[in-house]
Amino acid sequence: MKYISTRGNVEAKGFIDTVLMGLADDGGLMIPSEIPIISAATLEEWRSLSYQELFLKIFSYYTNDEIPYEDLKEMVYTSYANFRAPEVTPVHPINDSLYVLELFHGPTFAFKDVALQFMGELYSYISKKQNKIIHILGATSGDTGAAAIQGVRGKEGIKICILHPHGKVSKVQELQMTTVDDSNVLNLSVKGNFDDCQKVIKDLFADLDFKSKYHLRAINSINFVRILAQTVYYFYAYLQVEGSADKKINISVPSGNFGNIFSGYLAKKMGLPINKLIIATNENNILERFVNTGEYKPGDFTSTYSPSMDIQVASNFERYLYYLIGEDTEKLSAYMSALQSDGKITIEGETLQQVQSDFAALGVKNELCLDTISKYQKAHGYLLDPHTACGIAAYEAFNGPDELGITFATAHPAKFDEAIALIDIKQEFPEEIEALFLMPQHQTVVDHNKDEIVQLLKFFYEVN
Ligand SMILES: *Cc1c(COP(=O)(O)O)cnc(C)c1O
């Protein structure tokens, strides 16, 4: 299998080169040149597989023998060995028609661990194989940075620097990043907002001399390996749910950058018979507006109780658009230029009908989010985090009679206690999170000043 860019101007690449490239060199996103189809019979055979076994089956279609099976196997088992649940992503039944897929049993209590634990192992493997240093550089609004740091801390051949906005991530997120004391980790706490951090990173990646001199690599969800790692739990969830052989299954996904839900779209294209893919967002509802009206237009940014979904530009949207308009790279490039120049993309007619048969979408208001947390706590004794609560509210809006719903729990409630405390629910923190409050923090607070950040990076890469 080869990988190509949505914009058509990158020579076809293998799996490892695709992982290392991150964003395609022509500004597009990398995708497989063809999507393998899993037959119903094969799917049935997979029902009894463990998470790790299923991961190996799915990845084998994509890695092109560039990674020997035994090596891949070792990476997969190591990646998930430090999850707190043996199933990796256990399915929790709530009632006759609703299951929650708990994606938060990794080291940082959010779903990003599932892909980033593996990505850390993979980067380390590639670094050893190619005898090359890997410097990961990224900006985070909280969850991605914490998960990426946990994925590579202490690993040889890799250094990681993460920028986060000073004082603007949740307390637990800050502690998860800054209590790590491994010498290959640098936390920069930037006096500014997330967009300021993101801007510095974009400038540094655009500086091709700096990028190649320091072997910069990205960890954001534009990387195809993250998308692929996330398809595994769509298959796993589907196969674990009782009744999935004869009932329609809907999957509701708390969404921001369109990364997680795109993995679901890919799983469906591979033959997983998902009925409705439900996009749950918050008041930053660009995706809801797109599905309902065909207009994709970044609007004003709103801070909500589910900050990891406070996103206006959904980077992975481009991958979906590519398939929607018939895998036409020229047409896609034209759409992306239009987004640049007009600030929006508009889809109409049959193409819009296609969007509406691919997805349902709901932007959940703050109040409904909190009400949903209270309701499920009272009725089922199950505490939802605010992101998951948006997913549940969207499931309630779209799940039909005789259909089964699986909602993804993308974070543990302890991670977002600020919102949960508002409705007078007192939760006990898991001991791993409790312990963070007693540990010393390691971070460098810097002004939002690119030159100063570059100096710190050079010192980190060359001296430290
Ligand atoms: C990142 C994140 C999301 C959004 O996922 P996308 O892949 O960006 O759509 C949702 N919930 C939580 C808790 C997250 O950390």
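**Exercise 1. Classify Lys 375 by accessibility, then look at its salt-bridge partner.**

Lys 375 has 42% relative accessibility, so it counts as partly exposed (buried is under 20% relative accessible area, exposed over 50%, partly exposed in between, with a 1.4 Å probe and protein chains only). Before going on: this is a predicted model, where local features need pLDDT of at least 70 and side-chain atom pairs count only at pLDDT 80 or more, while totals for chains, interfaces and linings use all residues. Residues are numbered from 1 along each chain as its sequence is written, and side-chain values use heavy atoms, leaving out hydrogens and water.

Next, the partner: Glu 396 makes a salt bridge with Lys 375, with the closest N and O atoms 2.9 Å apart (a side-chain nitrogen of Lys or Arg within 4 Å of a carboxyl oxygen of Asp or Glu). Glu 396, at a relative accessible area of 35%, is partly exposed.

**Exercise 2. Work out what Asp 143 contacts.**

Start with the ligand: one of its oxygen atoms sits 2.5 Å from a side-chain N or O atom of Asp 143. Then turn to the protein: Asp 143 forms a salt bridge with Lys 415, the closest N and O atoms being 2.8 Å apart. Both Asp 143 and Lys 415 are buried.

**Exercise 3. Find what the side chain of Asp 358 pairs with.**

First, check for a salt bridge: buried Asp 358 has none, and Lys 268, the nearest side chain of opposite charge, is 5.6 Å away (Lys and Arg count as positive, Asp and Glu as negative; His and the chain ends are not counted). Then try Tyr 320: its side chain and that of Asp 358 are joined by a polar contact of 2.7 Å (a pair of N or O atoms within 3.5 Å; within protein, one must be able to donate a hydrogen and the other to accept it, and residues adjacent in sequence count only if both atoms are side-chain atoms).
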